[in-house]
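Thank you all for coming. I would like to take you through one structure this morning, beginning with a sheet and ending with a helix, so please keep the picture in view as I speak.

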Amino acid sequence: MKSAIVALLLAGSSAMVVGMNPAHAGTPPDTLVIAKYISDLITLDPAEVYEATGGELVNNIYERLLTFDPSDFSKPVGGAVESWKISDDGLTYTFKIRNGLAFASGRPLTAGDAAFSLQRVIDLAKTPVFYLTQFGWSKDNIKDRVSAPDDNTLVLKVDKPYAPDLFLKVLSSTVASVVDKQEVLSHQSGDDLGYAWLKTHTAGSGPYQLVVWKPNEAVVLAANPHYKRETVALKNVILRHVPEAATQRLLLEKGDVDVARNLTADQIRSLSTNAEIKIISSPKTDVAYISLNQAVEPLSNPKVQQALRWAIDYEGITGDILKGQSIVHQSFWGTGSGGSLDENPYKLDIDKARSLLTEAGYKDGFTLKLDVSSRSPDKEVSQALQETLGKAGVKVELNTLDRAQLQTRFRSRQFDAVFFGWSPDYLDIHASAAFFTINSDDSDKSDNKNAAWRTHWLIPQLSEKTRSGLLERDPQKRAAIYNDLQAEVRDNSPFIVIYQQLGQVPVRADVKNFIPGPSWDTPVYWRTSKN
């Protein structure tokens with residue numbers, strides 16, 4: 001089976017991409033072929049993966065301790081574990097491993113594998129390690145905090161009585177993927193815990209396993225024969241690296257791929273009348289916003305901030321520029337993942353914006369230097385902002401930069417205003433609240449380099465309120481805290497959230513139940529079928 005799929009990939013892909021030979025039109029009935037930009041794929045190790053394509057693949061290759069039902073991403077459910085108990089003091093979580101799980105090697109998944117997987121994340125200390133260290137875990141204490149007293153029991157201890165919902169949602173992220181301990185250690189080099197090998201290989205118990213990864217060409221997955229939790233309809237998944245959106249569209253129209261992942265709004269709209277193609281739409285967690293540097297006058301003036309909010313054509317941006325790939329959303333936590341503030345009180349009102357500027361002492365307006373990305377659609381959105389803010393009296397000078405330059409200026413606080421995007425690391429609202437509403441130390445030596453710090457928004461009291469959400473164990477009280485934080489940022493902060501991304505994925509009409517998921521690491525292949 002593996003050799004047949006690899007042959008299909010190596011022999012047929014060049015014809016599909018370059019030659020466009022009609023003889024190759026149509027994909028195998030048991031295989032899902034996805035056209036996608038995959039140059040961001042640099043590792044498949046769950047302890048390290050922090051890029052979109054890697055997170056997507058890990059979600060389909062490994063089982064996490066907890067997961068989300070693909071029909072409801074607001075509440076975690078059992079994954080590799082089937083049940084859990086929380087001690088009265090909130091410091092100890094005891095999980096029961098689900099019976100009958102097996103790795104692609106055929107070995108049973110045990111609590112020892114789960115404990116090893118979490119310990120390994122801490123010991124390797126790669127980029128996403130902070131997901132777990134926020135609970136007091138470190139290299140010095142991890143063996144005490146994470147243990148497996150028997151094959152069916154996993155015990156996790158935290159340093160404070162955190163909100164259970166937060167801890168459980170973190171255990172549904174990539175770092176909680178369970179790896180086959182014996183398989184990984186059999187490939188250990190020195191004391192690397194199998195790191196060098198697992199970057200380009202897999203050792204999971206999920207619906208699929210890696211067959212081959214050819215960087216900047218393709219990834220081939222085959223169904224894991226030992227996966228029994230659900231029926232996996234398609235035996236194979238191929239991700240083909242197709243960097244050009246126009247080529248992705250042509251391949252999809254010809255039937256040479258089943259799914260196209262990186263089309264523009266105009267391309268997707270043009271496909272909407274094609275009876276052989278359907279468009280899957282679902283809300284993403286990503287939001288786009290303007291950040292106003294509080295060290296730059298007059299951007300710290302509350303009335304100026306309010307004036308800017310009323311000088312933006314939210315509907316025009318989402319409707320005319322993004323054309324269905326976004327929805328108006330003015331809070332930092334996107335709708336669709338539970339706990340979002342979905343009221344959007346601001347709309348384009350030039351007279352109101354001018355009145356507020358006059359009250360602020362800027363009757364004749366002022367000049368605003370706005371850093372923006374050179375890529376589409378950010379460039380077009382920034383031009384729309386320039387136009388409507390100009391009508392209100394704010395002359396916008398666009399400073400167009402590539403993504404790396406833009407990010408460097410934002411992170412080093414070398415900007416007046418910046419148009420940027422945010423995507424949370426995991427599906428708990430605190431991931432976004434901590435980014436926008438914690439800054440108790442505005443000095444250059446601060447360990448906290450989030451959006452509030454980058455913007456010089458010093459908010460010690462609000463920061464304490466945000467931190468209280470970490471420890472609030474009552475779900476309703478915790479929801480109220482984050483609701484208040486969203487309202488505060490929406491109405492009284494240097495951040496202006498404009499829209500939330502709406503994921504639009506065009507697929508062939510015979511593709512059923514392809515689930516893009518709300519975040520970078522939640523796309524689901526195993527429920528997809530073709531008929």
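Before anything else, a word on pairing: we say that two strands pair if DSSP finds at least two bridges between them. Please also bear in mind that what you see is a predicted model.

With that in hand, look at strand S4 and strand S5, residues 92-97, which pair in the antiparallel sense over five bridges. One of the residues to find here is Val81, whose bridge partner in S5 is Ile97.

These two strands belong to an open sheet of four strands, with antiparallel pairing and the order S4-S5-S7-S6. Which strands stand at the edges? They are S4, residues 81-86, and S6, residues 146-150, and because each has a single partner strand, one side of each is left without a neighbour in the sheet. From one strand to the next, the twist averages 25°.

Packed on this sheet you will find helix H3, residues 111-124, which touches S5, S6 and strand S7, residues 153-157, and the direction of H3 makes about 170° with that of S6.

Let us now turn to helix H14, residues 378-391. At 1.5 Å a residue, its 14 residues should span 20 Å, and its end C-alpha atoms are 20 Å apart, which agrees. The buried residues in H14 include Val381, Leu385 and Leu389. Seen down the axis of H14, its buried residues fall within an arc of 155°, and therefore they line one face of the helix. Just after H14 comes Gly393, which takes a positive phi of about 105°.

Conventions. Residues numbered from 1 in each chain as written. Predicted model: local features only at pLDDT ≥ 70, side-chain atom pairs only at ≥ 80, totals over all residues. Heavy atoms only, no water. Axes fitted to C-alpha atoms, helices over the stretch in contact; angles between N-to-C directions. Contact = heavy atoms within 4.5 Å. Expected span 1.5 Å × (residues − 1). Buried < 20%, exposed > 50% of the residue type's maximum accessible area, 1.4 Å probe, protein only. Arc of directions from axis to C-beta.
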